[in-house]
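Thanks for making the time this morning. I would like to walk you through one structure, starting at its ligand and then turning to some backbone details.

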Amino acid sequence: MRHVLVLIVMIIVATVSVAGAQKVELSLDVSKTGAKIDRNIFGQFAEHLGHGVYDGIWVGPDSTIPNTRGIRNDVVAALKAIHVPNVRWPGGCFADEYHWRNGIGSSRGVTLNPNWGGVIEPNSFGTHEFMDFLDQIGSDAYISVNVGSGSPREAADWLEYSTGAQPTTLAKERIANGHPAPYKVAYLGIGNESWDCGGNMTPDYYVSQMKIYSRFVRNFNPAQQGKDHMFKIAVGPGGGEPRWTDWTEAVMKAYQEHTWSWDINGLSMHNYTVDWQNKFASEGFGETEYAQVLKATLEMDTLINKHSAIMDKYDPQEKVALVVDEWGAWYAPLPGSNPGFLVQQNSLRDAILAALNLNIFARHADRVRGANIAQMINVLQAMIETDKEKMVLTPTYYIFKMYVPFQDATFVPIAFDAGTYTHGDISLPRVDAISAKDATGKLWLALTNLDPNQPIEIEANLAGLTTKSAAGETLTAPRVDSVNTFDAPNTVVPKPIAAKVQGSKLALTLEPKSVTVISVE
Ligand code: AHR
């Protein structure tokens, strides 16, 4: 944010053009860049919850659904296309009741999943299957270890089993189970929501646990002993109330005073777009609910500012990343679904919501260096829905696909006056925009028109660039609640968009309720 303020270079006006369409002027200077947008803000989350893992990823090797060693081929192909940087697993609340030994070897322990519908957990998807899945999609492991009902020793053994290269009993067991090479565990979550489903701990109690887990849960993979070391993420806040600001204070104060014997590299934050008292419907809604949900989702920025300010106090050099490892829309369960399975529809509203949140993370790229949308498949704000052999890609999926060029790109601050979209007593910015330069020097803009009724004429002044061409895609649909279904999978899909370029100027029209990503050369 500091960079944005420093680098605002022009006074911009939102006006009404002669033709009556709203006009918004943007300006940026390509030579003035901010932080790197860490690709890990595009992370995913796969919990043993409903059909997130079973049916969504894992169908078993004997399934008639095309699979590779039990993992769905259609899902793998779809996820490869969005370059998933890391997947958080096995939970969520599930993680603090997960015992990894049930999920290895030829004879799996059959357990229950009391958090999510009380269903049978066959444990057929365990460590090896998860790592195989990551290998197939080309992603890194973010493993959340059991702090609530497990022990430091259980977690330490899991990591030794997974990452050990020397012939210890645990490493030999992994080899006997079919994987000679040590696995890479890029991220380690030390518990999940330990203030609630992860054990209802006080901040001080959690801090004492965190130190023990940080010290003893070691990664032995020889390739991860240097700069590619395992990144340890402590449980952080789940809101802005004092119980959570106190939590952030306690963890960050401990970090400031930490000794050589333990460390953390990230602080988790969970923030859903939800009304817990009266959950929004995920389908069949109108403009009022559209505006209400988008207003609520923009609170992400306030929450990041609040917790970043505390982190700045104890860690002014921003060594500890804020990792928003659960975010997204949480709506009422679809009628007829198991309420414990968190099944909801995914509409154009969710695509816009996703873009707004990704933009917020990008603007905070100096501190927010990881995020995991909840959840990847069939649960909450999913990328993918499956039903037996059928699969459909959601509007949110397409936002992640369109935003791939922003992974590890360098943030370029944009100045603009967003104008205002008003519906009833709700006022929102009419436009949102981010920009970044990729490794080849190409400039990318992501432009969201929140207004569901009015197109916007964008005029961008790209100082330092002599534009040759611009190409991009836009995502919109007939209604704010338009969805993709198994029978009609192409209602909300990106379409090419044309833009005019001349000198350092770029001009294009944003359709109402749309997200556009455009590259300029
Ligand atoms: O994503 C669903 C649940 O939400 C997770 O298990 C938990 O961490 C959070 O409360």
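**Around the ligand**

A backbone N or O atom of C93 lies 2.9 Å from an oxygen atom of the ligand, which is a polar contact in the sense of a pair of N or O atoms within 3.5 Å. Before going on, I should say that this is a predicted model, in which local features need pLDDT of at least 70 and side-chain atom pairs count only at pLDDT 80 or more, while totals for chains, interfaces and linings use all residues. Residues are numbered from 1 along each chain as its sequence is written, and side-chain values use heavy atoms, with hydrogens and water left out.

Side chains take part as well: an N or O atom of the E193 side chain is 2.8 Å from a ligand oxygen, and one in the side chain of Q375 is 3.0 Å from an oxygen atom of the ligand. Of the 280 Å² of accessible area that the ligand has on its own, the protein covers 93%, as computed by the Shrake-Rupley method with a 1.4 Å probe.

**Backbone details**

What is the phi of E193, the residue whose side chain we just met? Phi is positive there, about 40 degrees, although E193 is not a glycine, and at 14% relative accessibility this residue counts as buried, meaning under 20% relative accessible area with a 1.4 Å probe and protein chains only. L342 likewise has a positive phi, near 50 degrees, without being a glycine, and L342 is buried too, with a relative accessible area of 10%.

Finally, please look at two cis peptide bonds: one joins W89 and P90, with omega about 5 degrees, and another joins G91 and G92, with omega about 20 degrees.

Key: A polar contact is a pair of N or O atoms within 3.5 Å; within protein, one must be able to donate a hydrogen and the other to accept it, and residues adjacent in sequence count only if both atoms are side-chain atoms. Buried means under 20% relative accessible area, exposed over 50%, partly exposed in between (1.4 Å probe, protein chains only).
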